[in-house]
Amino acid sequence: MDLMNALEHAREKDYKFSSGRILGSMCTSPHPIGKKAYMKFIETNLGDQELFKGTKELEKKAVGFIADLLHAPSGYTGIMTSGGTESNITALWICRELKKADEVLIPKLAHFSFEKATSLLRMKARIVEGKYMMKARDFKKMATEKTKCGVAIAGNTTFGYIDEIEDIADFCYDENIFLHVDAAFGGFVIPFLYEIPFDFRLKGVSSMSIDAHKMGVSPIPSGFLLLRKNWLKSIEVRSKCTHTKFQASLLGTRPGASAAASYAVMHYLGKEGYKKIVRRCMNVTKHLTKLLDESNIKYVKPVLNVVAIKVRDAIGISKKLKRMGWMVGFDEENGVIRVVLMPHVKKKFIEEFVKDLKKVVK
Ligand code: 0PR
């Protein structure tokens, strides 16, 4: 079949997670249970919930798992999204509607989705400096009478570091600032590693992003936005001609397959299953830092399964590594290449990688 050959041919050009060569992605091959569930629900649309009541129930259950993981209080609401970008945009949209906020405090190391959000929403981004993460005192210093909205990150994109959320949340609670915590990456790691509160246990946290298509090992697109209260109402519109009256989401048609798959993976793995995955990823992370130490290559001490390796020319080094078949992330502004020790990254790949890295950094 020509068409199938053409598909095969296209797919052959892709990198595969199973090759072990993808070291710079925060995504991974989804759990087999997720793939199965995804196929079963492939035609479902959460944008028209009257048609797909069963799928809607699965979305609710998946949101419930996340709410429990992040200690959401009773009265919370949540929605599945296409990922961190949509969750972050929606959070600021809600904040803008609720608080009439026209500016937002954003950490220097925030993901670029906040640039999209502030551009779309015409909000002024006031950047809070921070080397590896945002300190509470810097956030407080930047806040003024006008500040009604702030962002903190639990697991930033470049370093995997966690902002001083506890103190920042206290301050936001006292000052009546809406605080959105971006745990797109860290949400499925931190609860299984540390006791630190970074979530709704802090009463100053208003909303959170967390992605199942990152460390939640679910198929793309699978993100979640959780809100302390029923604030989705603030972005609700009349959804004429669907079988429902209102819609409160950025997207219209939304993949029910993602809800089914995320629910299936979460239900199958449970917190214990995720704990094992995180433990394994942290073991590989330690293996990498040990090899880097032995090779005298400098890196930023990791707190999650993200290792930022200090190099002189991040773009040049990543290009050389690409020629050797390795795909790493790079952040030239911070002078690092980034390795994310996702579940598909095994120790043996890391050993081969460090051998090649030594050749290009010397
Ligand atoms: N918030 C944080 C902290 C993130 O790291 C990311 C993505 C987002 C939000 C946005 O999430 P979505 O991309 O799901 O909308 N961070 C990854 C990164 O930039 C995204 C990524 C994933 C990049 C896979 C490459 C890749 O192969 O590193």
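Here are three short exercises on this predicted model, each with a worked solution.

As a predicted model, it has local features taken only at pLDDT of at least 70 and side-chain atom pairs only at pLDDT 80 or more, while totals for chains, interfaces and linings use all residues. Residues are numbered from 1 along each chain as its sequence is written, and side-chain values use heavy atoms, with hydrogens and water left out.

**Exercise 1. The two domains**

Task: Find how the protein chain is divided, and describe the contact between the parts.

Solution:
- Step 1. Start with the division: domain 1 covers 3-29 + 271-361 and domain 2 covers 32-267. These bounds come from an automatic or database domain assignment.
- Step 2. Look at the contact, meaning heavy atoms within 4.5 Å. Domain 1 brings 27 residues to it and domain 2 brings 32 residues.
- Step 3. Now take the centres, calculated over C-alpha atoms: they are 26 Å apart.
- Step 4. Turn to buried area, the accessible area (1.4 Å probe) that two parts lose on being put together, summed over both. The two domains bury about 2500 Å² between them, with 70% of it on carbon and sulfur atoms. K271, Y274 and L304 supply 29% of the area that domain 1 buries against domain 2, more than any other three residues.

**Exercise 2. The ligand**

Task: Which residues are closest to the ligand, and what surrounds it?

Solution:
- Step 1. Count a residue as near if one of its heavy atoms lies within 4 Å. The ligand is surrounded by 16 residues, and the closest are T85, T157, D182, H213 and R338.
- Step 2. Sort the shell by type: 3 residues are nonpolar, 9 polar and 4 charged.
- Step 3. Check the polar contacts, pairs of N or O atoms within 3.5 Å. An oxygen atom of the ligand is 2.6 Å from a side-chain N or O atom of T85. For T157, a polar side-chain atom lies 2.8 Å from a ligand oxygen, and a backbone N or O atom of G84 is 3.3 Å from one.
- Step 4. Place the ligand: both domains give residues to its shell, so it lies between them.

**Exercise 3. A loop with special backbone geometry**

Task: Where are P221 and V217 found?

Solution:
- Step 1. P221 is in the loop between β6 (205-211) and β7 (223-227), and V217 is in the loop between β6 and β7. Strands here are DSSP runs (E, at least two residues), numbered from the N terminus.
- Step 2. I220 and P221 are joined by a cis peptide bond, with omega about 0 degrees.
- Step 3. V217, a residue other than glycine, has a positive phi near 45 degrees.

Key: Polar contact = N/O pair within 3.5 Å; in protein donor to acceptor, adjacent residues only side chain to side chain. Nonpolar A, V, L, I, M, F, W, Y, C, P; charged D, E, K, R; others polar. Helix = DSSP H or I, 4+ residues; strand = E, 2+ residues; numbered from the N terminus.
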